[in-house]
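Trainee: I would be grateful for a close look at the largest cavity in this structure. Which residues line it, and which of them are nonpolar, polar or charged?

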Amino acid sequence: MTAMNPPAPDAFGLYLHVPFCARKCPYCDFNTYAGLEDRFAAYVDALCREIVLRAPSVAGRTVTTVFIGGGTPTVLEPSQLGRVLTTAREYLRIDPAAEVTCEANPGTVDAARFEGLRAIGVNRLSMGAQSLNADDLAFLGRIHGVGDVAAAVAAARAAGFDNLNVDFMFGLPGQPLARWRDTLRRALDLGTDHLSLYSLIVEPE
């Protein structure tokens, strides 16, 4: 086992938020919106300006991880995400070995989009599958089907991604334990590098 060196005291992680989705899932309380495709370009402009404005406050510090989350960042074109990353690299000190993660929805990606993400420097994917059961996906309002998850994983591997996480959700109302076990078994069969497992938290409204 190789010991990991602790990060430098001035190191920090950069989170870039993309607040857009193809469709808003009913359980989601993140700052996300659907049906605002006409705002994509303006938001990219604003995010780049924000990076430039904030850069002096972290001058001299090193970014060791970058995470592009949402929302569904992959509703944007890779060229738009690339512009954001280019701005970040120009105005911030980003470690050349930094892990650069982009969240993705299996219903909004294909081989060409994955290749586009690789081309702009994304080296890790985090895909929101949430379940490998059709009834669960329908309950959660997801836009992808069960088969889309394995297809997305295969497309990501074909594009050269060797660091791949998939998210799954448990604790759905009425979800039998056997169904969750089946999802876990099938999730392991995907052969990804990491699984993130979350419980559904129900809150008022």
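Mentor: What follows treats the cavity and then two points of the backbone. The model is a predicted one. It holds one cavity of 30 Å³ or more, and the space inside the largest cavity comes to about 50 Å³. As a general point, such empty space is revealed by rolling a probe the size of a water molecule over the atoms.

The lining of the largest cavity consists of L16, V18, Y43, V44, L47, I68, L76, L81 and V84. By class, these residues are nine nonpolar, no polar and no charged; Tyr counts as nonpolar here, and Y43 is part of the lining. Three elements, β1 (12-18), α1 (40-54) and α2, each supply at least two residues of this lining. The greatest contribution is that of α1, with three residues.

Two backbone features deserve mention alongside the cavity. In general, most peptide bonds are trans, and most residues other than glycine have a negative phi. The peptide bond from G70 to G71, however, is cis, with omega near 15 degrees. G71 belongs to the loop between β4 (62-70) and α2 (78-91), and α2 is one of the elements that supply at least two residues of the cavity lining. The second feature concerns Q130, which is not a glycine yet has a positive phi of about 70 degrees. Q130 lies in strand β6, which covers residues 124-130. Its relative accessible area is 8%, and Q130 is therefore buried, the cut-off being under 20%.

Methods. Residues numbered from 1 in each chain as written. Predicted model: local features only at pLDDT ≥ 70, side-chain atom pairs only at ≥ 80, totals over all residues. Heavy atoms only, no water. Helix = DSSP H or I, 4+ residues; strand = E, 2+ residues; numbered from the N terminus. Buried < 20%, exposed > 50% of the residue type's maximum accessible area, 1.4 Å probe, protein only. 1 Å grid on protein atoms, 1.4 Å probe; cavity = no way out; pocket = protein on both sides within 12 Å on 5 of 7 lines; lining within 4 Å. Points joined across faces, edges and corners; volume = space filled by probe spheres on them.
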